[in-house]
Amino acid sequence: MLYVVLSFLMVALLLYVLLAGADFGAGIVELFSSKAHQALTKKTIYRVIGPVWEANHIWIIIIVVILWVGFPEFYNILVIYLHVPLTLVLLGITLRGVSFVFRHYDAFKDQSQILYDWMFRISSLVTPIFLGMTFGAMVSGNITLIDPTKPLSFYELFIMPWLNPFALLIGFFFTALCTFLATVLLIGEANATERLLYVKKARITNSIVILAGFLVLSYGYFNAHLFVTKFLKNPYAIGVVGLSAILIFPLTHSIKKAKKIRSRFLAGVQVVLILLSAIIAHFPDILIASHNELSIISTASAPKVINVLGISLLIGGAVILPGLYHLFKSFKMIKILEP
């Protein structure tokens, strides 16, 4: 049952990156569009994600619950040592949600709409940056668990783990990935004239994702980060990355030809392969502290708790997943089953 719980955790993480990532990326696309294209992108974004944007955060709630109930020691380390970036993530999600609602449902359309627009765009940019930096802190080896014999400053304990070049690079990589997912999504939702705009943005962001990934690996390698060195020494992880590199060519071609379904499918596969390569290289040692690696399995709750959690997830999944499928299908978010 432990691996059932871990499977739900990994699937929830993947779906959050895919769905909420594209959600965040849509705001970033709007932010970096010209003034003439911002209104167009705003209209398209609302039509596409308006009915389903809240559903995307189901996955992060599931992740938090699984960690809290099933892996309390691991959860405690995250919320204690990384409480600053996690608080900024929650603040960004909240501001983004508020601005998204008010810029569409505000009773009076006045100058406040400008504020809501900028709140939405900036929070869409900042939130994935801090999400990426949080993951970067988990694998950077800068988290120093409290040692009573060696008192450390607030900066050393709670700031340095996530405010460093390696975590910043991962934050940049995740933000670029979110933007790329959004542009691919928007290709399939725009009319013939608008589609050319999103095709161009998708090709640019695809290049930025590749560059950001190269920078992360290069910096980690030359600074001997354990996350990167273990990754580069694992033949299976390298093989998965190699497959991802090969798929860049059909993905680029699909984007250039504005193939809606194929480009979405290949973009999703790229994200799956990126996450899978990291999992292969490091599972179950998900957290790399300054003096040791922490296995998520070693922090699991008692077997009885894991069994109850696993059964609850199976029952909940049987109830929630069909409803979510119907929601996305009703608002034509699932294109792969259409002619």
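**Figure 1. Thr179, a buried residue in helix 8.** With a relative accessible area of 11%, Thr179 is buried (buried means under 20% relative accessible area, exposed over 50%, and partly exposed in between, using a 1.4 Å probe and protein chains only). Thr179 sits in helix 8, which covers residues 165-187. Helices here are DSSP runs of H or I with at least four residues, strands are runs of E with at least two, and both are numbered from the N terminus. Setting aside residues up to four places away in sequence, Thr179 touches Gly25, Ile28, Val29 and Thr205; a contact means heavy atoms within 4.5 Å. Please keep in mind that this is a predicted model, in which local features need pLDDT of at least 70, side-chain atom pairs count only at pLDDT 80 or more, and totals for chains, interfaces and linings use all residues. Residues are numbered from 1 along each chain as its sequence is written, and side-chain values use heavy atoms, with hydrogens and water left out.

**Figure 2. The whole chain, with 13 helices and 2 strands.** Before more close-ups, here is the full picture. The secondary structure comes to 13 helices and 2 strands. The chain is as compact as a globular protein of its length, because its radius of gyration of 20 Å is close to the 20 Å that the globule rule gives for 339 residues. That radius is taken over C-alpha atoms, and the rule is 2.2 Å times the number of residues to the power 0.38. Along its principal axes, the C-alpha trace spans about 65 × 45 × 40 Å. Of the 339 residues, 49% are buried. Among contacts between residues at least 6 apart in sequence, 78% join residues at least 24 apart.

**Figure 3. The surface and charges of the chain.** About 16,700 Å² of the chain is exposed, and carbon and sulfur atoms supply 74% of that area. Accessible areas come from the Shrake-Rupley method with a 1.4 Å probe, and for residues only the protein chains shown count as cover. The chain carries 25 positive and 14 negative side chains, and the centres of these two sets lie 14 Å apart. Lys and Arg count as positive and Asp and Glu as negative, while His and the chain ends are not counted. Each charge is placed at NZ of Lys, CZ of Arg, CG of Asp or CD of Glu.

**Figure 4. Ile66 and Val64 in helix 3.** Ile66 is found in helix 3, residues 58-70, and Val64 is in helix 3 too. Are these residues buried or exposed, or partly exposed? Ile66 counts as buried because its relative accessibility is 0%, whereas Val64 is partly exposed, with a relative accessible area of 37%. Leaving out residues up to four places away in sequence, Ile66 touches Val5, Phe8, Leu9, Phe71, Leu309 and Leu313.

**Figure 5. Pro72 and Val11, each with a partner far along the sequence.** Pro72 is in helix 4, residues 72-81, and counts as partly exposed at 31% relative accessibility. Its C-alpha atom is 7.1 Å from that of Ala300, although the two residues are 228 residues apart along the chain. Apart from residues up to four places away in sequence, Pro72 touches Leu67, Thr299 and Ser301. Val11 lies in helix 1, residues 2-31, and is partly exposed with a relative accessible area of 45%. Val11 and Val272 are 261 residues apart in sequence and 9.9 Å apart in space, C-alpha to C-alpha.

**Figure 6. Ser140, a buried loop residue.** Ser140 lies in the loop between helix 6 (112-139) and helix 7 (154-159). Its relative accessibility is 7%, so Ser140 counts as buried. What does the side chain of Ser140 reach at 3.5 Å? It reaches the backbone oxygen of Pro161. Leaving aside neighbours within four places in sequence, Ser140 is in contact with Pro161, Asn164, Phe166 and His225.

**Figure 7. Backbone details at Ala224 and Pro284.** Most residues other than glycine have a negative phi, and most peptide bonds are trans. Ala224 has a positive phi, near 55°. Ala224 is in the loop between helix 9 (192-222) and helix 10 (226-233), and is exposed, with a relative accessible area of 58%. A cis peptide bond joins Phe283 and Pro284, with omega about 5°. Pro284 has its place in the loop between helix 12 (260-282) and strand 1 (285-288).

Definitions and conventions
A polar contact is a pair of N or O atoms within 3.5 Å; within protein, one must be able to donate a hydrogen and the other to accept it, and residues adjacent in sequence count only if both atoms are side-chain atoms.
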